[in-house]
Amino acid sequence: MLTDAHHRTIDYVRLSVTDRCNLRCTYCMPENMHFVHKAALLTDHEIISLLQILAAAGISKVRITGGEPFLRPGLMTLLEKIKVIPGIKEIAITTNGVLTQRHIPALHQLGITNINLSLDTLQAARFVQITRRNRFTTVMDTLQSLLQHNMQVKINAVVMENVNTDELIAFAALTRDNALSVRFIEEMPFNGQGHSFSGITWNYHKILDTISETYPLQKINDAPHSTSLNYHIPGHKGNIGVIPAYSRTFCGTCNRLRISATGSMKTCLYGNDVLNIKEMLQHDAQGLLPAIQTAIHARFANGFEAEQQHTEKNMESMSIIGG
Ligand code: SAM
Ligand code: SF4
């Protein structure tokens, strides 16, 4: 078991499989984002070795993220290999939906049915403004296809002041006829452009207050370690949720590790990188698990403490961290 000094058990890893992306969401990265050389990425072999070590130490859930995970060549083969690692009980994916659709039947067959689809607007023109790319129709087709294949879909929508707050009700309305969850994420300062902010207007309270002016919201149970607070609108098939990513109300039960595409490990989204996994796998594989255990033990109590020690504040892109 991997436990920290605050009695939290870590059983979930978020693994970025590429830093590259085919969108340029303004809240995530600049247009001229610098991507690392391919040789710097974890290889399939390194990823499997790492996950075998983590699974033997109690990690049971893996979320594949990026960058855009489906840009990694051979992703489906990698997923097949992860699927058979003893101890890995659940694989989930976070994707922007641009290249996802053709893989849905194979994902379903592999038992990978938990898909988070990032979608911040339901308007084609606004999609171009937010993502700097004209792929709205493709992403909406992916959404339809995911639902047709009975995948468990969660739409992740980052709520941005003066950008998409007028669409909260339209997003909530999607849950009427569709068995999906729409989760509204507070914007965080990881935009890779150094645009820091010292507060947000559209925090989860304001998001919930705004939706409840139109729809009655019934609180429903949140899954253990959930980062979202979840609600049901009576008569709707799906649910809505808010993710207080900036307010950080969920740190007390945080059960996750983050590994970047180059193998940097974070024990907190708001903290520094604490370990270089690629280097350790290449030069001291035996020492990797003890080093991971030490790093986890030294974890901060919450994201505010971690942020105070963070030396690269607000400069990172979420595409490197993996969300
Ligand atoms: N490219 C994939 C996608 O967009 O789903 C996976 C990687 S993306 C970095 C993972 C998640 O991070 C997405 O849901 C995205 O909306 C979220 N994200 C990125 N930048 C963010 C920011 N500054 N604040 C809040 N969420 C952010
Ligand atoms: Fe790419 Fe995802 Fe970042 Fe958008 S949020 S730029 S899709 S990595």
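Me: Before we poke at this predicted model, which cut-off in relative accessible area makes a residue count as exposed?
Reply: The classes are cut on relative accessible area, with buried meaning under 20% and partly exposed lying in between. Exposed means over 50%.

Me: Then is asparagine 150 buried or exposed?
Reply: Asparagine 150 lies in the loop between α5 (136–148) and β7. Its relative accessibility is 64%. Since exposed means over 50%, asparagine 150 counts as exposed.

Me: What's the phi of asparagine 150?
Reply: As background, most residues other than glycine have a negative phi. Asparagine 150 isn't a glycine, yet its phi is positive, near 55 degrees.

Me: Okay, histidine 7 next: where is it found, and is it buried or exposed?
Reply: Histidine 7 is found in the loop between β1 (2–3) and β2 (9–10). It also has a positive phi of about 65 degrees although it is not a glycine. Its relative accessibility is 74%, so with the exposed class starting over 50%, histidine 7 counts as exposed.

Me: How does glutamate 161 rate on accessibility, and which residues does it touch?
Reply: Glutamate 161 has its place in the loop between β7 (152–159) and α6 (168–173). With a relative accessible area of 41% it is partly exposed, because that class sits between 20% and 50%. Its C-alpha is 7.2 Å from that of threonine 201, 40 residues apart along the chain. Leaving out residues up to four places away in sequence, glutamate 161 touches Thr201 and Trp202.

Me: And valine 274, what does that one touch?
Reply: Valine 274 is found in the loop between β13 (264–266) and β14 (275–276), and at 40% relative accessibility it counts as partly exposed. Alanine 298 is 24 residues apart from valine 274 in sequence, with 9.6 Å between the C-alpha atoms. Not counting residues up to four places away in sequence, valine 274 touches Met265, Lys266, Thr267 and Ala295.

Me: On to helices: how is α1 oriented relative to α2?
Reply: The axes of α1 (residues 44–56) and α2 (residues 75–83) come within 10 Å and cross at roughly 20 degrees. Angles under 35 degrees count as roughly parallel, so α1 is roughly parallel to α2.

Me: Which residues meet there, and how do they split by class?
Reply: The crossing of α1 past α2 is right-handed. On the α1 side there are Asp44, Ile47, Ile48 and Leu51, meeting Leu78, Lys81 and Ile82 in α2. By class that contact has five nonpolar, no polar and two charged residues.

Me: What about the orientation of α1 relative to α9?
Reply: Here the axes of α1 and α9 (residues 288–297) come within 11 Å and cross at roughly 60 degrees. That angle is neither under 35 degrees nor in the 65 to 115 range for roughly perpendicular, which means α1 is oblique to α9.

Me: How do the residues of the α1 contact with α9 divide by class?
Reply: α1 passes α9 in a right-handed crossing. Leu50, Ile53 and Leu54 in α1 meet Leu288, Leu289 and Ile292 in α9. The contact divides into six nonpolar, no polar and no charged residues.

Me: Last one: what classes of residue make up the shell around ligand 2?
Reply: Ligand 2 is surrounded by Cys21, Leu23, Cys25, Tyr27, Cys28, Met29, Gly67, Asn96 and Ser319. Gly counts as polar in this scheme, while Cys and Tyr count as nonpolar. The shell therefore has six nonpolar, three polar and no charged residues.

Terms used: Residues are numbered from 1 along each chain as its sequence is written. Chains are lettered from A and ligands numbered from 1 in the order in which they are written. This is a predicted model: local features need pLDDT of at least 70, side-chain atom pairs count only at pLDDT 80 or more; totals for chains, interfaces and linings use all residues. Side-chain values use heavy atoms; hydrogens and water are left out. A residue is near a molecule or strand if one of its heavy atoms lies within 4 Å of it. Axes are lines fitted to C-alpha atoms, for helices over the stretch in contact, and angles run from 0 to 180 degrees between N-to-C directions. Helices (H or I, at least four residues) and strands (E, at least two) are DSSP runs, numbered from the N terminus. Angles under 35 degrees count as roughly parallel, over 145 as roughly antiparallel, 65 to 115 as roughly perpendicular and the rest as oblique. A crossing is left-handed if the near helix is turned anticlockwise from the far one by less than a right angle, and right-handed if clockwise. Contact means heavy atoms within 4.5 Å. Buried means under 20% relative accessible area, exposed over 50%, partly exposed in between (1.4 Å probe, protein chains only).
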